[in-house]
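Here is a short report on a two-chain model. The focus is chain build, domains and contacts.

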Amino acid sequence: MTFWERNQLKLAPFLFLAPAILIFLIYVIYPIFDSIWVSFHEWNGMDKNGTRANGNPNWSWVGLKNYIVLFTDDEEFYVSLFNNIRWLLFSLVAIPIGLLLALFVNQRILGMRYIKSLFYFPFVINAVVIGVIFTWFYNPKYGALTYVLSLFGLDPIPVLAEEDLATYGIIIASFFPGIAYTMILYITGLTGVNREMVEAGRIDGAAGFTMLWHVILPQLKPATLIAIVVTIVGSLRSFDLIAVMTAGGPWGSSEVLAYKMYQESLFNYRMGYGAAIATILFLIMDIYIAWFLYRLFKNEKSEK
Amino acid sequence: MKKLITLIVLFASTVVSAGTLVVNSNQSGESSKAAFDAYVDAFRAAHPEVTVVVNEFEHEAYKTAIRNFLTAEAPDVAIWFAGNRMKFFVDQNLFQDVSDVWADAGLNDSMASTKGSLTVDGKQYGVPWGYYQWGVYYRKDLFDNLGLNVPKDWEEFKWVCAMLKKNGITPITIGTKYLWTAGGWFDYLNLRINGYQFHMDLTAGKVSYEDPRLDATFAAWRELIDPGYFLEDHASFSWQDAQAPQINGEAAMYLIGNFYVPTLESAGVVDKMDFFQFPTIVEGIGVAEDAPTDTMHIPSGAKNVEDAKKFLAFMSNKEAATNWATMGGMLSPNKYADKPTNRFSVMGAEMLAAADDIAQFWDRDANPDMAGAAMEGFQEFMVKPDREAKIRARLEKERARIHGAL
């Protein structure tokens, strides 16, 4: 027997995985560490061996300076950070709405399949298109919102041009695909609900909200967990809707970390500074994901 | 065998380099592409020994791509912009000195009006191919209905605004969502109040944003903001969105560049429109105008410098220079080019010919990060004028970070 024949079974999975792992290492893992490395430098994105107009090199080691400036001398960083926290908290509202919709479309009524697909439709649309639609919706001169307000005799509200409202306006737009996604998660979860337990609950006199709270929801726990994780990660990386709807404005008040990173590195040519913001964002997500995995493994262990 | 391959490689590389001219272009719009193609074709006809290869990029994507290709895989000619945007690459030693092209092709004479914006330390680093004017595009029919005349000075301008407002018409339309339109207003107010040299010192970071001379600029701006002469909720609108009120006849004036004209034509209101120069504010201040200039440069890494210089020098060809500019809706910087026929371009050409100085535009004269921060501040000021002191302090902090303490 050759070496290959003896070890075929053991080696095959690794060989199959190799291309994917290689690509993952090159395009995901390496850039993460490279970004962290760049964040300790001042770099304008030009030739690393070149010099600037003032004689300083394009690329120079500055240690923790980028982080120090970020935390002590950049008001916009805190604006972005708080906007990220707003995104994180308020985008969770999509989850109960998704659950309600899932319960609604889960009934056996004629034509429900079509209604289901209609509700799912927003998730298939590109975020840029959703951003444009909502920008029109909010348009204080010709938008639908202005029209509705005028029916009640109210003045138009320029949602996206108000520093206190812009972020919420964009979060509401993000509900559009967000609710559709959580709805699908719950519909899948509902098909897995144990009918015997529902029957047993019914015999014990549970109905309506008590049934939902004590019998159905506990069984939907895995779906809820995934919905929360996906929504939070999605809210932390929110970028496209902001770029389309406000471009971070008015005067930077709707910026989030991902958008600020893009601005600083690609428009202001401060690659090191942008990388420092990216690293902070990475750490925030990391803490959260570590906590999540820890919870997941603990739950699995206790179930066994 | 190995020798044969080396031979073929050598041969192939000489074939490619001798007589091949690689041009990177950002002329991606329909009319601007056709205009640029006309120039390339004319050049091919005049120089059949040169094979021109054009790499076309989408206009916005080009702005980020150029930083990569100038260092990694430099073309022989790159299209770009004059002023600080050019200087940025000159400072990086990424553009070549082409003063000899200016001297040999007589550009010092024919391109005299735009020479300043292509000069760094007395040397020219590129050749202009087109520019366009800024000014006030207004609804002549609305002015006529109310018996209003074109305002010549600041008092008249404010009076016209007040009359329009009184008659239920928005005096000035603007969309500041993408900020730069606010930069145009600041440019003109500051150029008319403090003059060209002060404005250039400010964009170069040599003057504080808390300098008392800027008080008058912001105060004049406030004279339009406080009575509500600008379009309401302008921070919601892009510059295209802001066209609608004017096209619908709800707003009268728009301070914008000549690229607005094709929209007016396709919307069918061009006959109701006219143009006037931004009014004088302080008597005795030289007249300066914003006229962004688009240019060609030879990167330092160019392989075929000889033919690249021919390509730049070809701008001295009157016909080719005329076609490229006018087909793309621009003015030709070559003073021997044919006069434009479009009436807005005619007015623009006359206005710019009479101007004492030409500025590029706020975000082309100032450093990229300073320009962005400042325009954000201008937008905020236009909505919350009471925050002036806070905004100017913030901009000064940013200026000190970028350009150093004064």
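A residue is buried if 20 or more other C-beta atoms lie within 10 Å of its own, exposed if 12 or fewer, and partly exposed in between, with C-beta atoms placed from the backbone. By that count, 50% of the 406 residues of chain B are buried.

This is a predicted model: local features need pLDDT of at least 70, side-chain atom pairs count only at pLDDT 80 or more, and totals for chains, interfaces and linings use all residues. Residues are numbered from 1 along each chain as its sequence is written, with chains lettered from A and ligands numbered from 1 in written order.

Chain B has 18 helices and 13 strands. These are DSSP runs numbered from the N terminus: helices are H or I, at least four residues, and strands are E, at least two. The radius of gyration of chain B is 23 Å, close to the 22 Å that the globule rule gives for 406 residues, so chain B is as compact as a globular protein of that length. The radius is taken over C-alpha atoms; the rule is 2.2 Å times the number of residues to the power 0.38.

An automatic or database assignment sets the domain bounds.

| Domain of chain B | Residues |
|---|---|
| domain 1 | 2–131 + 293–350 |
| domain 2 | 134–290 + 367–403 |

The C-alpha centres of domain 1 and domain 2 of chain B lie 32 Å apart. Their contact takes seven residues from domain 1 of chain B and seven residues from domain 2 of chain B. Residues are in contact if their C-beta atoms, placed from the backbone, lie within 7 Å. Helix α15 (residues 343–354) of chain B gives the largest share of the domain 1 side, four residues.

Between the chains, chain A contributes 21 residues and chain B 17 residues to the contact.

Note on methods. Two residues are in contact if their C-beta atoms, placed from the backbone, lie within 7 Å.
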